[in-house]
Amino acid sequence: MGAWGHLALDNDSAADWVYDLEGREDLSLVEAALASLEEVGGEYLEQDLACAALAACEVLARLRGKPGHHNAYTQKVDAWVAQHRLLPSPALLQRAARAIERILGQESELKELWEESDDASAWRAGVEDLKLRATA
């Protein structure tokens, strides 16, 4: 996993996903990221799908006015949100909450990779914070 930090947008998979967000005028990419994760069901969840879903949740949090943090890796998302003042539906926010629970649960490659690192607690705290910002 190409990660340079423990936050949702601090990795190659999220950066690729954000690149695809540019040029979108709606939440279809967010919905697609959550749908891809949902399609896995209880099977093993690969880290790229998890990273895309977390990036999607970060978009939702920022649309709700709860950005949490700003850095060089959030700039494209922040700019997109500023141009697209969309209101996520309650159903979409519930899907985001379930996605985060799934990523933190069993059979999650991203969780396993972070658990093998020295930053596991920081990563988990960041994901829990994202869940609150995106869905609470």
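Let me begin in the interior of this chain, where the largest nonpolar core takes in 42 residues, and where W17, V30 and I103 are the residues with the most contacts inside that core. Every one of the helices named here, that is α1 (12-21), α2 (28-40), α3 (47-63), α4 (75-83), α5 (90-104), α6 (109-115) and α7 (120-135), supplies at least two residues of this core, and it is α3 that gives the most, with 12 residues. I should say at once that we are looking at a predicted model.

What does W17 touch, once its neighbours within four places in sequence are left aside? Its contacts are L29, V30, A33, A52, A55, A56 and V59.

Stepping back to the chain as a whole, the secondary structure comes to 7 helices and 0 strands, so that the pattern read along the sequence is α-α-α-α-α-α-α. The radius of gyration is 13 Å, which agrees with the value near 14 Å that a compact globule of 136 residues would have, and the C-alpha trace spans about 40 × 30 × 25 Å along its principal axes. Among contacts between residues at least 6 apart in sequence, 69% join residues that are at least 24 apart.

Turning to burial and surface, 44% of the 136 residues are buried, while the chain exposes about 6800 Å², of which carbon and sulfur atoms supply 49%. As for charge, the chain carries 13 positive and 25 negative charges, and the mean positions of these two sets lie 9 Å apart.

Key: Residues are numbered from 1 along each chain as its sequence is written. This is a predicted model: local features need pLDDT of at least 70, side-chain atom pairs count only at pLDDT 80 or more; totals for chains, interfaces and linings use all residues. Side-chain values use heavy atoms; hydrogens and water are left out. Helices (H or I, at least four residues) and strands (E, at least two) are DSSP runs, numbered from the N terminus. The radius of gyration is taken over C-alpha atoms; the globule rule is 2.2 Å times the number of residues to the power 0.38. Buried means under 20% relative accessible area, exposed over 50%, partly exposed in between (1.4 Å probe, protein chains only). Contact means heavy atoms within 4.5 Å. Accessible areas come from the Shrake-Rupley method with a 1.4 Å probe; for residues, only the protein chains shown count as cover. Lys and Arg count as positive and Asp and Glu as negative; His and the chain ends are not counted. The place of a charge is taken as NZ of Lys, CZ of Arg, CG of Asp or CD of Glu. A nonpolar core is a set of buried Ala, Val, Leu, Ile, Met, Phe, Trp, Tyr and Cys residues joined through side-chain atoms within 4.5 Å.
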